[in-house]
Amino acid sequence: MISEEEKGKGVTFSAQEWLRYQRHIQLPQFSVAGQTRLKQARVLIVGVGGLGCPAAQYLAAAGVGHITLVDGDVINISNLQRQILFTHADRGKSKAAVAQARLEACNPDIDVVAQQQNLSVDNAPALIAGCDLVLDCTDNFHTRYLINDLCVEYQKPWVYGSVLGFAGQLAVFMPGKTCFRCVFPEASEVADCNQAGVLGVIPGMIGLLQATEVIKYLAGLSGSLENKMLLVDSLSMQQRSIKLVQEKNCTICSGKENYRDKISDYQFFCQAEAVESFLLSPEQVLKKQSQVDCILVDVRTDTEHHAFNLGGEWVPVDTIAANKHGFSPDKTYILYCQSGMRSEKAVRYLLDAGFKNTFSLAGGLSTYLEVLVADKTFQWR
């Protein structure tokens, strides 16, 4: 964060900016000083999905001077239910690149940088060290651990957000205070949105609250969620906050360990380029099916399978993990789920158990259906 001495030094506003931010400046608690701090701030947004889209849009409109977007994914139809920066015509394009263009169109007076790659152990140190605050808009624990550990290392605040079903939660983690590992010492095995679904407006609600916390912190306003976690339930329209307590035995908070010591927690999951030989695109699956006799296996839940499936067998991932699947080592299996995460996990179980001819549909049903919509001649055999 900029120092008090540097705050406002050499910063001027054009007539256009003055008009744009007039409603902020009129607030006594905000004023020119708060807007100046926003203009000087550098915010790193990790993930431009359901949370990142609304958060980035409001931060750009608010006048955050430097925004870096980090996301290696491309836009698909299933994103459009909640990722409001994108349109149907954007399918197949980079999320970060499209979001950059939309934010710059919204506010040409700010700088927006698009990193068309996921946050990884390779790029994260420089990206986090170079910002004033990190906004976590990801969907997995491994990336959040990477963000947390590096924010502790570089003494950076970060805003956490998470959604599932009809609910969401967020918190602000400040340097020297409670860290993410104090609250979640181990990666959660609960279903994510790809598995359990999410009401489209929920990421919008949480993303806006995240943006609010970012603006409050950058502008020097009081009332931060520091050392608290806000829980929001959209069905009951109730919310409550719980106090977060720093864990005495947390090795990251104590300084006994740093992100280099925890590299095994995210190195495998947060690599810049991680393409496994057992991950197959829909086109690669079609080619393999034309060469050998393959068995499709749906590893989702019973409800998901009966709602829609690609045929083949139904063997839930938990059954595979418990080694009760009844597969034959002489046959070739292609596993699939909604997003590819569960099928990849199941394939790893099978590979560890000695089943070499097992593959996962990369991107899952979402990827396959994107191809199907684009090419009506493409079909499973």
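**Exercise 1.** At 14% relative accessibility, does Phe141 count as buried or exposed, and what aromatic pairs does Phe141 form with Phe180 and Phe184?

*Solution.* The model is predicted, with local features needing pLDDT of at least 70 and side-chain atom pairs counting only at pLDDT 80 or more, while totals for chains, interfaces and linings use all residues. Residues are numbered from 1 along each chain as its sequence is written, and side-chain values use heavy atoms, with hydrogens and water left out.

Step 1. With a relative accessibility of 14%, Phe141 counts as buried (buried means under 20% relative accessible area, exposed over 50%, partly exposed in between, with a 1.4 Å probe and protein chains only). Phe180, at 0%, counts as buried, and Phe184 is buried too.

Step 2. The structure holds 14 aromatic pairs (rings of Phe, Tyr and Trp, the last by its six-membered ring, pair if their centres lie within 6.5 Å; planes under 30 degrees apart are stacked, over 60 edge-to-face, the rest tilted). One of them joins Phe141 and Phe180, a tilted pair with 5.7 Å centre to centre and 45° between the planes. Because Phe141 belongs to helix α7 (residues 141–154) and Phe180 to helix α8 (residues 180–183), this pair ties together parts that are 39 residues apart in sequence (helices, H or I of at least four residues, and strands, E of at least two, are DSSP runs numbered from the N terminus).

Step 3. Phe141 also pairs edge-to-face with Phe184, at 5.4 Å centre to centre and 85° between the planes. This pair links distant parts of the chain, since Phe184 lies in the loop between α8 and α9 (193–196), 43 residues apart from Phe141 in helix α7.

**Exercise 2.** Find the cluster that ring pairs build around Phe141, and the charge over the face of Tyr145.

*Solution.* Ring pairs join Phe141, Tyr145, Trp158, Tyr160, Phe173, Phe180 and Phe184 into a cluster. Over the face of Tyr145 lies Arg181, at 4.3 Å from the ring centre (a charge sits over a ring if NZ of Lys or CZ of Arg is within 6 Å of the ring centre and within 35 degrees of the ring normal).

**Exercise 3.** Describe the surroundings of His325.

*Solution.* Step 1. His325 is placed in the loop between α14 (317–321) and β12 (332–336), and with a relative accessible area of 13% His325 is buried.

Step 2. The side chains of His325 and Asn323 are joined by a polar contact of 3.1 Å (a pair of N or O atoms within 3.5 Å; within protein, one must be able to donate a hydrogen and the other to accept it, and residues adjacent in sequence count only if both atoms are side-chain atoms).

Step 3. Leaving aside neighbours within four places in sequence, His325 is in contact (heavy atoms within 4.5 Å) with Val315, Thr319, Ile320, Leu350 and Phe355.
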